[in-house]
Amino acid sequence: MEIPPSGDTPLTPLFKTRCRDFRDDPPKGDFPLRKKSPKLCGSNYPLSIAFIVVNEFCERFSYYGMRAVLTLYFLSFFHWDENLSTAVYHAFSALCYFTPVIGAIMADSWLGKYKTIIYLSIVYVVGHLIKSVGAIPSLGNQAVHVVLSMVGLFLIALGTGGIKPCVSAFGGDQFEEEHTSERSKFFSIFYLSINAGSLISTFVTPVLRGDVKCFGEDCYALAFGVPAALMVLALVVFIAGSGLYRKTPPQGNVLLEVCKCIGFAIKNRLKNRSREIPKRDHWLDWASEKYSKQLIGEVKMVTRVLFLFIPLPMFWALFDQQGSRWTLQATKMNADFGIYVLQPDQMQFLNPLLILVFIPIFDLGLYPLIDMCKFNFTPIRKMATGMILAGLAFGLAAIIEIKINETDMPQLVPEESLIRVLNLAKNPVQVTIQEKDLFQQPVETFQNPAEYSKLILNGEQQSLRFTLQHQGLTLAFNYTVKEKSVYSLIVFEAEGSLSSRLITDLEAKPENGLAAVRFINGLSQDVNLTIDSRKFIAVQKNYSPSEYSLLERDRYNNGKCITETGEFPLELGLLDFGASYTIVITNISGGAVKTWKSEDIKANNVHMAWQLPQYLLISAGEVMFSITGLAFSYSQSPASMKSVLQAGWLLTVAVGNTFVLIVAEAAPMAQWAEFVLFTVLLFAVCIIFSIMGYFYVSVDPEDLEEKEEKRETSSRGNMIGLVTQKTKL
């Protein structure tokens, strides 16, 4: 969940700081800012804020709803691997936090907040529509879908990032100067609308994706279409309130001025490297030839805080993996909660829910209790504690990943395959493979093998002789076995004689928690099987196998088996999460089809509820890290520099997502090892941040400004004295 970085946090002091920005530099001239807006029900709340709050709810619903299903969309719809899906997801997230800088510059230097919100919301809507159209399977080929989706995501990132720094500030503009308490309460309502949109969308959108079927598969077009409709509604609602808004004109972007000041200072210092030129107290003083002492002093204050921001991206690198790596982990777990089966991407709703629970608990319970214990729980210590909690969350994720891997198929290497024997004959069979020491004991009839046996080859493929001993008879069969493949040797009786088939099995678990099933027809006639209303399978006679079919986890007891002699009920029982099954049709008796089911790959046996502790830890870490960090950084900078710190904070999120992108693509490793890597990195960064915080001295920006003015006055006095002295000489 997003702790809004544009000043829209639930901390009242922070709101008051932001609101001072709106009062410090009132625009000159006759602008709509001074227009009196109608009030809500006789209160001091402008009617216009109702449109802004509804707009924000719909926009956040559209963004988080779309993003919740994005990773599984890449994995299932594009059939990308997990690393590529993760990399593109975080590239999109990073772009969403780079583009607010563009939106802020547009609003402050060119269009103003109102027009910036309108124009970029239109871009936002177009992006959603293109993204939804790109998810229609029948529209073009894979390349068309990828191009449409990438264009849509780029426009969405430009839209959502561009309006991010504008909407909350525009809401603050609607209040008259004397209504500061109402303005502060508005930001709390605004923050609530963000979390309500996030909470509802992350729960509902995965349901639209997984529980609704369209075009014969998961309905991604609907899962993206509903957020698109909400964004259209957000734009319509915002425009509907146009006549009620107080609109401020562009007043110039302080971020650009800060960047120009820093750039000039560096350039000027490099030009004046001679030892004959006197040194200056601070490297930013080299900008004094062009910029005012007040601006330089304020930039100095900001750079002190921005220096503390350097380690912060690592926290966001872990935090934003809830929508990528943690969602992928959930696809490999058991999601049955008894009364409800969760979609793997639905687990993300825990974060906004827990944030809303934790904020009052921490502010009204935990922090006062710590104060009562006389422990100086400074903002730096709170942020470091948040980092530790996030690291512990990833440590738990690594442990869970190791447990999940226990049901995975073994990783195959060159010149190696896996094999097992399914004895469908009436008596035990002794199987011997040429020059291989496998299957020491006879294979019992209809015995479900506990596991596959490893078969070592002498090349990429090898022709092997399989010898079967059955009731005193010995039969031999030759089969070619390829490396890095998985096989089942089916032994059966046909026309009074023993025979066999070597068939290929799945090499890995089915993706996204689906169940895989195939059929072997042991009847002497072809059959047509109906699993449910959408799945039809034809299987030839005499122990011919069907292809694997992927099904949702469910109990399938209403199937049908159609043969030449009639139609018979077919019961398959439970096909569980992530399992692979071979179902043998043995005979028809008593008006029903008799089957035997073998579990080829074990079902997911780690329950999704085990992810709850890691969500608890990382959500608690977010409250301590993000809210505290914003409040602390804002308290350490002058009022005129709040937007610069806002941009710096957003860029830490962007850099953190970029780091995940690099790790996913440049250094692929086992998932549990990657979780451990991020845990170690965050703990290391936490130590560095704690050391930086130890030497950081908290200040009041107003005190710094007074000291700077005194130093400047003193400097002027010294300069006057020097000039006088030279005159006397």
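Trainee: How many bridges join strand β6 to β7?

Mentor: Happy to start there, and keep in mind that this is a predicted model. Strand β6 covers residues 461-470 and runs antiparallel to β7. One of the pairs is easy to find: look for Q469 and its bridge partner T474 in β7. The number of bridges joining β6 to β7 is 10.

Trainee: In what order do the strands of the sheet with β4 stand?

Mentor: That sheet is open, has 3 strands and is paired in the antiparallel sense. Its edges are β4 (430-433) and β7 (473-482), each with a single partner strand, so one side of each has no neighbour in the sheet. Direction ignored, neighbouring strands here are turned by 25° against each other on average. The order is β4-β6-β7.

Trainee: Which strands stand at the edges of the open sheet of 4 strands?

Mentor: Follow the order of this antiparallel sheet, which reads β12-β11-β16-β17. An edge strand here has a single partner, so one of its sides is left without a neighbour in the sheet. That description fits β12 (535-539) and β17 (566-570).

Trainee: By what angle are neighbouring strands of that sheet turned against each other on average?

Mentor: Good thing to ask while you have β12-β11-β16-β17 in view. The value is an average over neighbouring strands and ignores their direction. The angle comes to 20°.

Trainee: Which residue in β12 is the bridge partner of D532?

Mentor: Begin with strand β11, residues 527-532, which pairs with β12 in the antiparallel sense over 5 bridges. D532 belongs to that residue range. Across in β12, its bridge partner is K535.

Trainee: Is Q671 buried or exposed?

Mentor: You can find Q671 in helix α18, which spans residues 671-695. The cut-off for buried is under 20% relative accessible area. Q671 has 13% relative accessibility, so the residue counts as buried.

Trainee: Which residues is Q671 in contact with, leaving aside its neighbours within four places in sequence?

Mentor: Start from helix α18, where Q671 is found. Once those sequence neighbours are set aside, the contacts of Q671 are R325 and E401.

Trainee: What share of the contacts with a separation of 6 or more comes from residues 24 or more positions apart?

Mentor: Let's step back to the whole protein, with its 19 helices and 20 strands. Of its 729 residues, 53% count as buried. For contacts with a separation of 6 or more, the share from residues 24 or more positions apart is 72%.

Conventions:
Residues are numbered from 1 along each chain as its sequence is written. This is a predicted model: local features need pLDDT of at least 70, side-chain atom pairs count only at pLDDT 80 or more; totals for chains, interfaces and linings use all residues. Side-chain values use heavy atoms; hydrogens and water are left out. Two strands pair if DSSP finds at least two bridges between them. Helices (H or I, at least four residues) and strands (E, at least two) are DSSP runs, numbered from the N terminus. Axes are lines fitted to C-alpha atoms, for helices over the stretch in contact, and angles run from 0 to 180 degrees between N-to-C directions. Buried means under 20% relative accessible area, exposed over 50%, partly exposed in between (1.4 Å probe, protein chains only). Contact means heavy atoms within 4.5 Å.
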